[in-house]
Amino acid sequence: MKNELTKKRFFTGLIAGIVMIALLAGLEIAEPKKATGQAAGTAAETTVSEGAPTAEAAATAAPAEPTNASVSADTEGTFTAGTYTGSANGFGGPVEVTLTVGDAGGITNAEITGSSETPDIGGKAIPTLAQQLLDAQSAEIDGVSGATFTSQAVRDAATQALGKASGMETMEAPKAEGDNLFIPGTYTGSSTGFGGEVDVTVTVSEKSIDDVQIEGSHETENIGTFAVEMLDDRILEAQSPNVDALTGATVTSNAIFRALNDALVAAGADLTKFPAAGEEEEGLKSYEELSTDIVIVGAGGAGMTAAIKATQAGKDVIIVEKMPYVGGNTTKATGGMNAAETHYQAEQGIEDTVEQFVEDTMKGGHDINDRSLVTVMAEYSAKAIDWLDSIGAPLPKVSFSGGATNRRIHAPEDGSGVGAYLVTAFRKNIDELGIKVMYETKATDIMTLDGAAVGIMAESKDTYYTIHAKAVILATGGFGNNEGMIVHYKPDLKGTVTTSAPGITGDGILMAEAVGADLVDIDQIQLHPTVEQGTSMLITESVRGDGAILVNQEGKRFTNELLTRDAVSAAELAQPGSYAYIIFDQKLRDGLKAIEKYVSTGITVQGDTIEDLAKQIDVDPATLADTLTKWNQYVADQKDPDFDRTTGMENDLSTAPYYAIKIAPGIHHTMGGVKINTSAEVIDINGNAIPGLFAAGEVTGGVHGGNRIGGNAVADIVVFGSIASESAVAYCDK
Ligand code: ADP
């Protein structure tokens, strides 16, 4: 304990010393950071790489005209003349800042390179940031709205460079002695992840890492938070900072690694002494045979629903999940769950019918949906809402969403994203019921005997499994993240950003096909109209449902924003540049928790007035102001003469500040898949049910037809997850 306190005091003293020297040197430091750098990584918390970061983004700013800025040819300052470079991680990789200090001690030139920044966002911001450094004569710059990661990287890199210009680079952390790896004690490092600060505290003795604690409560729920939960054990087990990032949570993983490295360096470690990640030899795999009543492939919403219900019905269940965590695409569902004739609707005086739900779904799906499946989904939906109540996952907030005639989409009370909310509740139930989930285990084949499914083959890093089961439920999700399959079925979509989770690669469809299953609507792939392209983050439909509008680069509306996804996507693709901005105000932000994530990720642009917002997104201020004035009048009149929008018009957009997010369509849902009947039995190419084989969720086709309406993915997974479970349980009892 004494040791720990001593270390902490030493580092607090060191940081205070640095700040003191910096202040004496006239260097403005916003806060004494323990670690430098910003979120790095290849992309947001998805496998999709940032939109083609190819162009070299670089800028140099020098004070050519000393008239409009407080910069003279060599502003008086207290840095030592010379050229100094610092670097930090931006959105896509390292950002380097090189500052030249003139003879009078002022910054005379600022050069920034960041070849991996998103060209449209970070890359575009770089010249402005270089000018800001010159104007501020310090690292404390305002940054560029919408390019948060790049701006922070520039601040950090400039702080480093100016630290050198003030002679602070000579300060070094102490080194462990002799053969020792560390100086025993407890050390903390911090860095910035996807949503905010990530801290890593390590306790080390001379030759080992004894404890790792990771704090990162602002990371994306059930994505980044899995990295926070899991990497501590992996680091401890590896006794090294060089472990693999958690697939799908790269930004958070990298923040953890940076914070960890800083903590270990403070502990006297030489980071080059640790073996690189993934270096251990792969040995021969072992083989294991298991038996259960029902084996479920995939721990997304459908798989977990099925598992919980089957366990509640007294069956022994095993779930195999190829990722190190549960959730799949379900985690990413942001809107809610459609359901008709629910007790929440009744309590809130909302009139709606199962028949209307069916008609809306059929219409949204261009009438190619399987009406019998749609009818079952609508009929079962209120019961599914009751079941969610019973497992501690109520969805009481009912509102409008695209394609629905009535208020039908059910969401969590606090406005949080429905997917992460349900995944948390499902996980809790799975833990409480003691259901066996085999993580990082990929199902490869369905085993059949006399035409009936009798189990699966699966494999993990070190083991091949044969899992015998009386029934098999496929809940592997769609194929939105399998570019090969996407291009095979829809060549036009080559290179389109996807919102799908990393594990969503169509495995279940391929496995089912291999045992004779029929496929339906397999080329029906949905684009979601509001996807931020740099991060492939989906902007929930609720933003439009709660009143947001879409404008093009001219600042004009171009569609009824609450038409079905395919219609809105098509309207966007027809605009100049094939993108748009979603515009909303502070009141809307206050009512929708999901928006906080967009703000903390840095994808929103904020303006104190509409004109201010317009300037920042390069839209003509008068046009945007006119669009907003007109829209607010339409809301007051409850009539939209331009595009006949009739829903999501409860609130106007008149509460400053105002916000914009640049968006374009992204691959969102693969509507087609394995053919099932209303009992969730998989149907073969001859039209017969394959005994013992059931499927539910995005792996199946038919429910959504040619276009899925918002709120029906969750309805699909909960309803058909339940039905697959009930059918599998009944099949086991035969
Ligand atoms: P749904 O919404 O239909 O429930 P999700 O996308 O939420 O589907 O979840 C599907 C889950 O299936 C994901 O967690 C994914 O990692 C998992 N999965 C996909 N293919 C396999 C496979 N071959 N073996 C095990 N798990 C798989």
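Trainee: How do the residues of the shell around the ligand divide into nonpolar, polar and charged?

Mentor: Sorting a shell by residue kind is a friendly way in. In this predicted model, the shell holds twelve polar residues, ten nonpolar ones and five charged ones.

Trainee: How many residues surround the ligand, and which are the closest?

Mentor: There are 27 residues around the ligand. The closest are Ala302, Glu321, Asn329, Thr330 and Asp507.

Trainee: Which backbone atoms should I look at beside the ligand's oxygen and nitrogen atoms?

Mentor: For a polar contact, look for N or O atoms within 3.5 Å of each other. Here, a backbone N or O atom of Gly327 sits 3.2 Å from a ligand oxygen, and one of Gly328 lies 3.4 Å from an oxygen atom of the ligand. On the nitrogen side, a polar backbone atom of Ala443 is 3.0 Å from a ligand nitrogen.

Trainee: How much of the ligand does the protein bury?

Mentor: Begin with the ligand taken alone, which exposes 580 Å². The protein buries 98% of that.

Trainee: Which elements give two or more residues to this shell?

Mentor: They are α6 (301-312), β14 (442-449) and α12 (507-514).

Trainee: Let's take α12. Which of its residues are buried, and what covers them?

Mentor: A general idea helps first: an α-helix has 3.6 residues a turn, so residues three or four places apart point the same way. In α12, the buried residues include Asp507, Gly508, Ile509, Met511 and Ala512. Their cover includes strands β8, β14, β16, β17 and β24, along with helix α11.

Trainee: What follows α12?

Mentor: Gly516 does, with a positive phi near 100°.

Key
Residues numbered from 1 in each chain as written. Predicted model: local features only at pLDDT ≥ 70, side-chain atom pairs only at ≥ 80, totals over all residues. Heavy atoms only, no water. Near = heavy atom within 4 Å. Polar contact = N/O pair within 3.5 Å; in protein donor to acceptor, adjacent residues only side chain to side chain. Areas by Shrake-Rupley, 256 points an atom, 1.4 Å probe, with all protein chains shown as cover. Helix = DSSP H or I, 4+ residues; strand = E, 2+ residues; numbered from the N terminus. Nonpolar A, V, L, I, M, F, W, Y, C, P; charged D, E, K, R; others polar. Buried < 20%, exposed > 50% of the residue type's maximum accessible area, 1.4 Å probe, protein only. Contact = heavy atoms within 4.5 Å.
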